[in-house]
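User: Please pick one part of this structure and go through it closely. I want its packing partners, the residues that meet there, and anything unusual in the backbone around it.

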Amino acid sequence: MVLYRVLLNVNVLLTVSVSVAAVLGDYLITICNSPLGKALCDNITHALIGGLAWTICYLNRAKTLEESDQRHGALEVLACTFLSSVIDLDHFIAARSTLLKNATALMQRPFLHCSTTPLVLFLVLLLVSQTWKVPAFKQGALIGLTAFATHHIRDAARRGLWLYPFGSTAPIPYWLYIALCALVPYVVIFLDKSLKQQQRVMTNDGYSHVV
Ligand SMILES: [Zn+2]
């Protein structure tokens, strides 16, 4: 009961931190004068939101805070933080240039900013994980989903979501981007629980039915 209360408080604190990181990061971008400063602020904000979102996922996955393998959790948080940040490298790859002014002057959005890409990748990794019984692939899929979802939702406040081949949505309202970023870890936790439940039923019933 005490641990449940601690976890609830930690969840509230981290969820508020996701929103604060987003709003503060966006504010710093507006007051930053140099393009390099703006780009750095933008990227660090993506990284922070991704890292905090996976911290929520990790803490809720661990049965109790004592049992949690902290080093493993820290590596996962670092992986999500890193991935949330490196997604923007596709600007440089698409521009075939290391110069910021070329990377930010693209006529089209680069490939890692297409939201269909992580969705397909997520499903492929899940399929591989289920077929060859490699839990690390499922974990990687969930970390990737968290990083891409938070990054794409944040970018969507400016440019909408690009869902190839269906086209792009209009930019989403600012409040919706903040709310969705805070919601992402809980959707991932729900997905993780549902997948575990499905796995348990399949193991018990010899793949006779799926929940
Ligand atoms: Zn981006």
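Analyst: A helix here is a DSSP run of H or I with at least four residues, a strand is a run of E with at least two, and numbering starts at the N terminus. Keep in mind that this is a predicted model. The part to look at is helix α7, residues 135-159. Its surroundings come along with it.

Start with the record. The unreviewed UniProt entry lists residues 6-29, 111-132 and 172-191 under "transmembrane region". Compare the last two spans with the model. Residues 172-191 are 90% helix and 0% strand, and their end C-alpha atoms lie 24 Å apart. Residues 111-132 are 77% helix and 0% strand, with 29 Å between the end C-alpha atoms.

Now the packing of α7 against α8. Helix α8 covers residues 174-204. The axes of α7 and α8 are 9 Å apart, and the angle is about 165°. The cut-off for roughly antiparallel is over 145 degrees, so α7 runs roughly antiparallel to α8. The crossing of these two helices is right-handed. On the α7 side, the contact uses K138, L142, L145, T146, A149, T150, I153, R154, A156 and A157. On the α8 side, it uses Y174, Y177, L180, C181, V184, P185, V188, L191, D192 and L195. By class, 15 of these residues are nonpolar, two are polar and three are charged.

Helix α6 is another partner. It spans residues 116-132. The axes of α6 and α7 come within 7 Å and cross at roughly 165°. That angle makes α6 roughly antiparallel to α7. The crossing of α6 and α7 is left-handed. From α6 come P118, L121, F122, L125, L126, V128 and S129. They meet P135, F137, K138, G140, A141, G144, L145 and F148 of α7. This contact divides into eleven nonpolar, three polar and one charged residue. K138 and L145 of α7 are in the contact with α6, and they also appear in the contact with α8.

Next, zoom in on R154. It sits in helix α7. Is it buried or exposed? R154 has 23 C-beta neighbours inside 10 Å, and the cut-off for buried is 20 or more, so this arginine counts as buried. Leave out residues up to four places away in sequence, and R154 touches A22, H46, I49, Y177 and C181. Of these, Y177 and C181 are among the α8 residues that contact α7. R154 also has a sequence-distant neighbour in T45: the two are 109 residues apart in the chain, yet 9.5 Å apart in space, C-alpha to C-alpha.

A22 leads on to helix α1. α1 and α8 pack with axes 9 Å apart, at an angle of about 140°. That angle makes α1 oblique to α8. α1 passes α8 in a right-handed crossing. T15, V18, S19, A22 and V23 of α1 meet I178, C181 and A182 of α8. Six of these residues are nonpolar, two are polar and none is charged. Note the links back to α7. A22 and C181 belong to the contact of α1 with α8, and R154 touches each of them.

L8 gives another view of α1. This leucine lies in helix α1, residues 2-31. L8 counts as exposed, because it has 10 C-beta neighbours inside 10 Å. L8 and C181 are 173 residues apart in sequence and 18 Å apart in space, C-alpha to C-alpha.

Last, the backbone at the two ends of α7. Most residues other than glycine have a negative phi, and most peptide bonds are trans. K133 lies in the loop between α6 and α7. Its phi is positive, about 50°, although K133 is not a glycine. K133 is exposed, with 10 other C-beta atoms within 10 Å. On the other side, P165 is in the loop between α7 and α8. A cis peptide bond joins Y164 and P165, with omega about 5°.

One further backbone point lies in another loop. R96 sits between α4 (90-95) and α5 (100-103). Its phi is near 50°, a positive value in a residue other than glycine. R96 is exposed, with 8 other C-beta atoms within 10 Å.

Key. Residues numbered from 1 in each chain as written. Predicted model: local features only at pLDDT ≥ 70, side-chain atom pairs only at ≥ 80, totals over all residues. Axes fitted to C-alpha atoms, helices over the stretch in contact; angles between N-to-C directions. Parallel < 35°, antiparallel > 145°, perpendicular 65-115°, else oblique. Left-handed = near helix turned anticlockwise from the far one by under 90°. Contact = placed C-beta atoms within 7 Å. Nonpolar A, V, L, I, M, F, W, Y, C, P; charged D, E, K, R; others polar. UniProt positions renumbered as here; feature names shortened; annotations may be inferred. Buried ≥ 20, exposed ≤ 12 C-beta atoms within 10 Å, placed from the backbone.
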